[in-house]
Amino acid sequence: MAGLDVPDVLRRSVALDLEQHGPSYRRAMDGYRGLFVLLVIAYHFGASWLVGGWIGINHFFVFSGFLIGTILIKERYKYGDLDVVRFYLRRARRIVPAMCLLVLAVLVKVAFVDSTPNRSQTAGDAFATLTFWQNWRLIERDDQYFDYFSDPSPLRHVWTLSVEEQFYLFVPWLILGLFAVSRRKAVRVWMLVALAAASAAWTSYLVGPGGGSGSRLYYGTDVRMQALIVGVAGAAMYTAAPGREKFRLPRGITNAIGWIGTIVSLSAFFLLDERSTGAFRYGGLFCFAVLAAFMGISALDTRRLTINRVIGIAPLVHLGQISYGLYLYHWPISLWLRFDSLPALVNGLLQFLLTWVCAVASYRLVELPILMYGLRGSVRRMLRRRVPRATGFVTVAVLAAIAAGLWNSLPQTDSPPWNGQPLDASVRYVAPTTPVRMAVVGDSIPSSLVEGFHRSSYPGLQMTRLATYNGCNPVPVTLAVLDKTIPEDPGCAAWRERWPGQARAAGSDVILAPAGLAFLFPLQIDGRVVQPGSPEAGRLLLRSLDALYGQFKTTGARRLDVVNVPCRVLEPAQLRGRSAELVGREPVPIDTAWANRLIGEWRARHQGDVSVLDLSAQLCPAGEYRRTINGARVYKDSIHFSQPGAELIWSWLAPQVVRVEG
């Protein structure tokens, strides 16, 4: 075991009985890991009352920084240098094997089970996961973590591993640099605190109008670095040079800060709004990181503290030991294994049970053997030894869980590609004499429509700019669903300021604005919940259209083409993630007639430079909802257009854009 990175962790790994650990092992640290991974998983499995569940990720970054910082600082004290390459190899041995299993499972699922997956996106996510830049890929495509109506990637959650691996590339050199700058521990600690505070200040800037989007704030390495560096600062303060007395607060104070960190952090899970910008704008992430560091300091204290006895109970410690696998496997299970015919609590418990089985099997059969003996050594030992009965039981359970997941994920209906027949046989695309430059504006629904546009099919029609942003509207809109309010994304204000300039710079001739669904759900207006179709909702819709028109007038484009809202039926079998919670068990028809009527009345006031393209009449003749048209399933999730459906729609929409421009 001497050649591995964390001797106490390895002793913990080898000793499966909780009572057979080495003297340096601290149960409370695993207890905290188990507690926070349990809360994060519960949030993803449908415990929507844990509105601040996402803050638990911040705590894991702190714990990781604390652990890695301790390892590196001890090595620097002992040897006077760091073997950086060896450190990278140790981290890869710990992280990569289980992650490869996850990626393999996702690719197998997409290749052999899904009927119409976005295979290119999933393949790209798999590559980004294995090369540790998935967080920046999510930022690039503006993935919105809190968007109820998105179709999330089964590899979305591994953005955290990308952040950590990027941190691993940086942290050994940071430690070496700190020791080179100063020989005094206090100076090094304060330099780390200053660096974390600088990251918090930069995060505050990004919240402003000139900053980044919501995805940039949530997934950015520079934003999350503050938590990791706070963890390193805690390690720098706690770790003593050989022969020096370790830093230790009085027993009562250590116990108190442990309780304070635990209670305030747990309170955030119930009180912190999931779209609140305060955690980013006002240093909230930094404050929660400090609270997590408090927990780390108390957890590593060797004295008998009350907080450590509470947090160090056996179930939490066990979950902490397998927390990596729990986190890896829970997210795809939450997407693929939905037992919608059962009560939500039973559904969540079954999902957790399957996650636990996968995590235990991964820990016993993959993570621990490779960590101790390497890949080749693990294979040799497996071939020489008989498989223990318990391991065989776990293997069978894992195979059963996988079989259940695949069976539950089998498509209910075939979804062949669009057969090429146009949406309206009487409409034919004629290339314009001069190119028409078109900018598409709106939320995630226009984004899904753009996926079906093929420039080669429509010569002379150029999509010069995609100015969409998930969950944003021309005016702020707050949804009121699932007994809570969902404000717009923090980046929407900056998007409203940004997109007209982008369209103007691209020389756009036409602004194409497909209407979204925000106004067709309950809204919070002036502190009251109003229903779609109400006078209050109607006035907000008209105000949004007026704002869109005002934004359009600053672009220099000649026309604004508003696409009205096709009829919808929200089908539980097609919805993914948290959006499924909006529906329940029965299909829910969406009344779009009142919104389309208001859009038509609004257009009458702007005859000269506004057109309304009646997509609803094309997809829903006589108000009849059609799931499949000309071989193409129109919607991939009841909300967003599928790629074949978008291709079908462009066969009618592209001629309309060119015609009204002419």
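Begin by selecting Phe36 in this predicted model: once its neighbours within four places in sequence are set aside, Phe36 is in contact with Gly56, His59, Phe60, Phe63, Ser265, Leu266, Phe269 and Met295. Add Phe280 to the selection, since Phe36 and Phe280 are the residues that touch the most other members of the largest nonpolar core, which holds 88 residues. A second core, separate from that one and made of 75 residues, can be found by selecting Val440, Cys567, Leu598 and Trp650, which are among its members.

Next, select helix H13, residues 284–299, and look at what surrounds it: 13 of its 16 residues are buried, so the helix is largely enclosed by the rest of the structure. If you place a distance between the end C-alpha atoms of H13, the value is 23 Å, which agrees with the 22 Å that its 16 residues should span at 1.5 Å a residue.

From there, go to helix H17, residues 344–384, and pick out Val346, which has its place in this helix. Val346 has a relative accessibility of 34% and therefore counts as partly exposed. Together with Leu342, Leu350, Leu353 and Trp356, Val346 makes a nonpolar surface patch of about 370 Å², best viewed with these side chains displayed.

For the last stop, select Asn473, in the loop that lies between strand S2 (461–468) and strand S3 (479–481). Is Asn473 buried or exposed? With a relative accessible area of 10%, Asn473 is buried, because buried here means under 20%. Apart from neighbours within four places in sequence, the residues in contact with Asn473 are Trp495, Arg496, Ala518 and Phe519.

Definitions and conventions. Residues numbered from 1 in each chain as written. Predicted model: local features only at pLDDT ≥ 70, side-chain atom pairs only at ≥ 80, totals over all residues. Heavy atoms only, no water. Patch = residues over 30% accessible without salt bridge, like charges linked within 9 Å, V, L, I, M, F, W, Y side chains within 5 Å. Areas by Shrake-Rupley, 256 points an atom, 1.4 Å probe, with all protein chains shown as cover. Salt bridge = Lys/Arg side-chain N within 4 Å of Asp/Glu carboxyl O. Helix = DSSP H or I, 4+ residues; strand = E, 2+ residues; numbered from the N terminus. Buried < 20%, exposed > 50% of the residue type's maximum accessible area, 1.4 Å probe, protein only. Expected span 1.5 Å × (residues − 1). Core = buried A, V, L, I, M, F, W, Y, C linked by side-chain atoms within 4.5 Å. Contact = heavy atoms within 4.5 Å.
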